[in-house]
Amino acid sequence: MRRVFVFALLLSFVLCFVSAAGMPSHSKIRIASTKWFDIIYPVESENSARELFDKADSIYEKICASYGKEPDFRMPVVITPDTDAYNAYFSNGHYNHIVLFDAVSDESMAVFSEPLLGTFTHELTHAVSINMRNPFWKVIDSVFGDIFNQGSAIIMTTLFKEGAAVSMESSGGEGRLNDPFYLHMSRQAKLSGKFPSAQDVSGARDKFPSASASYGFGGPFAAFIQQKYGMEKYAEFWYRAINAKSLTYETAFKRIYDVSLGTAWKEFKDSVYVPDIPKSPLEEKFVTDFFNPEADGFSRQNLLGSRFYGLSSSNVSVSYIDGGAVWLCSAQDGMFGVPKKLFSRDGILSARLSSDGEFLAVSYEDDNSSGTKYKSALYEIKSGRWHQIKQAGLRDACVYYAEGKIYVTAVYAFSQSASLVTFAFDGKSFLRASEVSFASGESVFSPCFIEGNVYAVCRSGLEWTISCFGDLRNSNGVKNESYSFLPDARLRWLSAGTLGGKPVLLFSYAKPDTFPRLGWLDPSSKEMFLMNTDVSGGVYWPVAAAGSVVYSSYFYDNRKLLCLDTTSLDNAGGVLKLTAARSAVNESSDAFSESHGGSLEGTFSSKKYRKPYWHRGTLLTGPVVPGYQLIPYVADDVEGDSLINTVPFVWGLTWMTSNPWDSDTLTLSAGTSFEAKTWGFSAGFSGSTSTSLFSYSEMPSVVVDRDGFVQASNNLSLSSGVNLGGKADLLFSLENKAFFGKNTWGFFGLILDFIEDDNLYFYDKNKVSAKISTIRKKGPGTFELGGIALSVAYKTVVMGTAGGRHQYNVFNEGDDMVLRQYLYPEVSVNIPRLLPFSCRDSFTYNLPVAFNVQMCSYIGKFLSFEAESVLFAYEIQRGIPFVPLYFNRFLLTADYWGSFGNSGTDYTLWNFVKGFSDLSGDRMGYRDFLSLKLILEPSFNTGLFANPSLHVSVYCSVGLPLNDFDPRNFELAFGVGSLF
């Protein structure tokens, strides 16, 4: 037994080391070093690496100059094409580094002429701003690691961090501050009378728009104070906060600017531009409510806090996306039918109807790989059948008919390049028909089909056009025409439809000082019609249906579905008519390509990546070494077991580091207990993919004392999660805990040496779990969850004495080896509402409920269940000044739990069947408890604690048992817990 255990321990250690040493999915990793950066990339991203190589140092020096400091640190920058989702991040975890996702952005982030460099500027600003440290903190940094940054961790919030980055990315005339679609959030909030305080948008908000509010207000506020007080003052503010010379960001702001944050915020609010228009779009004669066009106010459906997006229309219907589902309603003769849900799916990006309303081209996110991938499929509305396009990387798919055949055109994107790919569909499979490629850095969005041609919105540099690509059924039909109209306008969301009996292309556009507006192009006459007045909420995702324009209206904390009558708008003088300028697409493509001149050649050189960053990491003054005590007759349950960590090693050191792309982490630890009676050593390996596809954790450890070996242990966990058709999640996990050696008898770090126990024990626990869950958000409400989750865990425990018995032994005579097996079935059910109505935004009063049933999960409980319901909830979502607290919500809940079982009984697999007979034979006791809870959910509104996922539930509960009812058993309790 001892040999088997030691072999298993060594094997698991070796396997984990191999995994930890592995590289990403790309086998050829290169590194190109500049003065200040190590650019790490796979060969697939070499063009992006070349682009960054040429400009990275100058961007860094420019940012440092803006903050009045000299460049003073090098760091790695990773470029990875493993995901199709455009994003990036800076992290000082273990050491400063940047990870850039080498992907093409969607329309909302197409704000840079050179997207990779603009994104790098944003992330590098994070690195510079949070490293404004004085000599003292630099010494701390050099010893303990970059993560020891008190100002970043406990003072500066997302509002200021993202504000600094957004304002810097926009300082050259590009970026989000120069995009009117981005500025709409703050402008609309002011118009609606919902302009939040700085504390409201610090980063703790966990209701829509959640963390986006920190970006939407942080950038404009940072630009405002920089322009009013100067960049030097702004740099001083960061220097003071990062070096923790003030206790809070508010006191740091007051000390530097000599005005309170509240006063400066009010001045900022006053500076935000808002057009002179009514607060409600329904006050305009040309706007009506989509769900109830006859009403003077908003319909019930528009007061729920929905997030309508992805609108599409056909000759007979209109569709939209909300709550993770696609909804469809008829649209004929100027009337709209009652919306019905077609399907729900995770990560829906767009859903575009065919002209006859028979098909939907659906683009969505797929997480069943190491990084998020974009995929597209065809959905048959009548039959509900799906037809998957095998090629990954497809987004913005549209479906149309040409000469009686079905075609799908989608945007294919990889690295910084995009193309339009067209497939012919024969009812069973897809055959590639043509492909139109674009120069690196150019973007194409929203392809649609009208009058025999495919059109799309294109961006070259910062020039936006509507381009005609002709008949894409084969390469011979490709055209190259584009139409521009306003040089300073941004375009979004092109769609094909009919207005006034004419086929037109609709879109949303915005100029620097406007809300998003409606525009449409007549492709036959090349005449363009532009809405020349603003409307509250703006015009997003416009489509033509039933003789009017249906669109989504964006407000600060919700979206509404509205209709716009273009005839009434035109009669009121709200339409500008002009002729679109025509040019050749390939000319602008060449011009943009030339803007990179020299950056793809010159001094660029790279070599094979052989530079692991194990020498840079985090040093902790405390070990993470377990000291175990085996207590075999303390029965196991679903969470705990008989092997208890009783002797934490409180004196020692821990070293943690990771690779620059954060997929694997190494932890080395050593420590000693009080009075130096034992010493412990451990090595931890952990890692994961950026999705839930795979994660692992391994920690072998050994404990010795003056006489030599005491014990060795190993903790291993593996998990893998896959998504099933966008409707369910399947999760597998494996846990192993192995132990061999002597008991370390202790209590709170003290060795209890009066217990003489020199026996060698062994313990091996294996737990395998499987879970399938369909629980999903079913509406905009905080607690509108619906679905079922089924899980089962099987656990085996083998333990005993490893050879010989000494005077004291934790096992009874004859129990030199004990084998236990456990089975833990569990069912969870969420019902989004028991009462048959939806709640008004910010309130919950329709009784959402969560049920949970477990078997054999705890000692003395054969069958246990719990039901919890929200009786009432109100979304506060407010921060308070001076004291760094944020209040998320207030709620009243009812909770009932009950259990069948006999106290002290260990329900192992062997007496599983007996448990059922005891249950049916009324030989089990029943205990229950009913309670009411008054809950307040606050967050710490400072530093990294101002995070949507870090709030707690502080409650006061009253309750009593019902089965054994006695008023004297009434209980009043206070505590901290969690909900659902």
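This passage describes salt bridges, helix packing, backbone features and the surroundings of one tyrosine in a predicted model.

Side chains of opposite charge can pair when their charged atoms come close. In the model, 28 salt bridges are found. One of them joins Asp200 to Arg878, with the closest N and O atoms 2.6 Å apart. Because Asp200 is placed in the loop between helix 7 (180-192) and helix 8 (212-229), whereas Arg878 belongs to strand 51 (residues 861-879), this pair ties together parts of the structure that are 678 residues apart in sequence. The two partners are unlike in their surroundings: Asp200, at 3% relative accessibility, counts as buried, while Arg878, at 46% relative accessibility, counts as partly exposed.

A salt bridge is also formed between the side chains of Arg432 and Glu435, with an N to O distance of 2.6 Å. Here Glu435 has a relative accessible area of 37% and is partly exposed, and Arg432, at 40% relative accessibility, likewise counts as partly exposed.

In the salt bridge between Glu875 and Arg889, the closest N and O atoms are 3.0 Å apart. This pair links distant parts of the chain, since Glu875 is located in strand 51 and Arg889 in strand 52 (residues 885-901), with their positions 14 residues apart in sequence. Glu875 counts as buried at 5% relative accessibility, and Arg889, with a relative accessible area of 2%, is buried as well. The pair is also part of a wider arrangement, in which Asp206, Glu875, Arg889 and Glu937 are linked in a network of salt bridges.

Two helix pairs illustrate the packing of helical elements. Helix 3 (residues 115-130) packs with helix 6 (residues 158-169) at an angle of about 140 degrees, and their axes are 8 Å apart; the two helices are therefore oblique to each other. Their crossing is right-handed. On the side of helix 3, the residues in contact are Gly118, Thr121, His122, Thr125 and His126, and these meet Lys161, Glu162, Ala164, Ala165, Val166, Met168 and Glu169 in helix 6. By class, this contact has four nonpolar, five polar and three charged residues.

Helix 8 and helix 11 (residues 261-271) pack at an angle of about 100 degrees, with a separation of 10 Å between their axes. With angles of 65 to 115 degrees counted as roughly perpendicular, helix 8 and helix 11 are therefore roughly perpendicular to each other. Helix 8 contributes Phe217, Pro220, Phe221, Phe224, Lys228 and Tyr229, which meet Leu261, Ala264, Trp265, Glu267, Phe268 and Ser271 in helix 11. The contact of helix 8 with helix 11 has nine nonpolar, one polar and two charged residues.

Several backbone features are located in loops. Phe208 and Pro209 are joined by a cis peptide bond, for which omega is about 5 degrees. Pro209 is found in the loop between helix 7 and helix 8, and Asp200, described above as the partner of Arg878 in a salt bridge, is placed in the loop between helix 7 and helix 8 as well. Although Ala244 is not a glycine, its phi is positive, at about 55 degrees; Ala244 is situated in the loop between helix 9 (231-242) and helix 10 (249-257), and it counts as partly exposed at 26% relative accessibility. A positive phi, of about 65 degrees, is likewise found for Asp662, which is not a glycine either. Asp662 lies in the loop between strand 37 (651-658) and strand 38 (664-672), where it is partly exposed, with a relative accessible area of 28%.

The surroundings of Tyr320 were examined as well. Tyr320 is part of strand 8 (residues 317-322), and with a relative accessible area of 5% this residue is buried. Its contacts, leaving aside neighbours within four places in sequence, are with Phe290, Phe291, Phe308, Tyr309, Gly310, Leu311, Ala325, Val326, Trp327, Pro339 and Leu561. For one of these partners, Gly310, which is ten residues away along the chain, the C-alpha atom is separated from that of Tyr320 by 5.5 Å.

Conventions:
Residues are numbered from 1 along each chain as its sequence is written. This is a predicted model: local features need pLDDT of at least 70, side-chain atom pairs count only at pLDDT 80 or more; totals for chains, interfaces and linings use all residues. Side-chain values use heavy atoms; hydrogens and water are left out. A salt bridge is a side-chain nitrogen of Lys or Arg within 4 Å of a carboxyl oxygen of Asp or Glu. Helices (H or I, at least four residues) and strands (E, at least two) are DSSP runs, numbered from the N terminus. Buried means under 20% relative accessible area, exposed over 50%, partly exposed in between (1.4 Å probe, protein chains only). Axes are lines fitted to C-alpha atoms, for helices over the stretch in contact, and angles run from 0 to 180 degrees between N-to-C directions. Angles under 35 degrees count as roughly parallel, over 145 as roughly antiparallel, 65 to 115 as roughly perpendicular and the rest as oblique. A crossing is left-handed if the near helix is turned anticlockwise from the far one by less than a right angle, and right-handed if clockwise. Contact means heavy atoms within 4.5 Å. Ala, Val, Leu, Ile, Met, Phe, Trp, Tyr, Cys and Pro count as nonpolar, Asp, Glu, Lys and Arg as charged, and the others, Gly among them, as polar.
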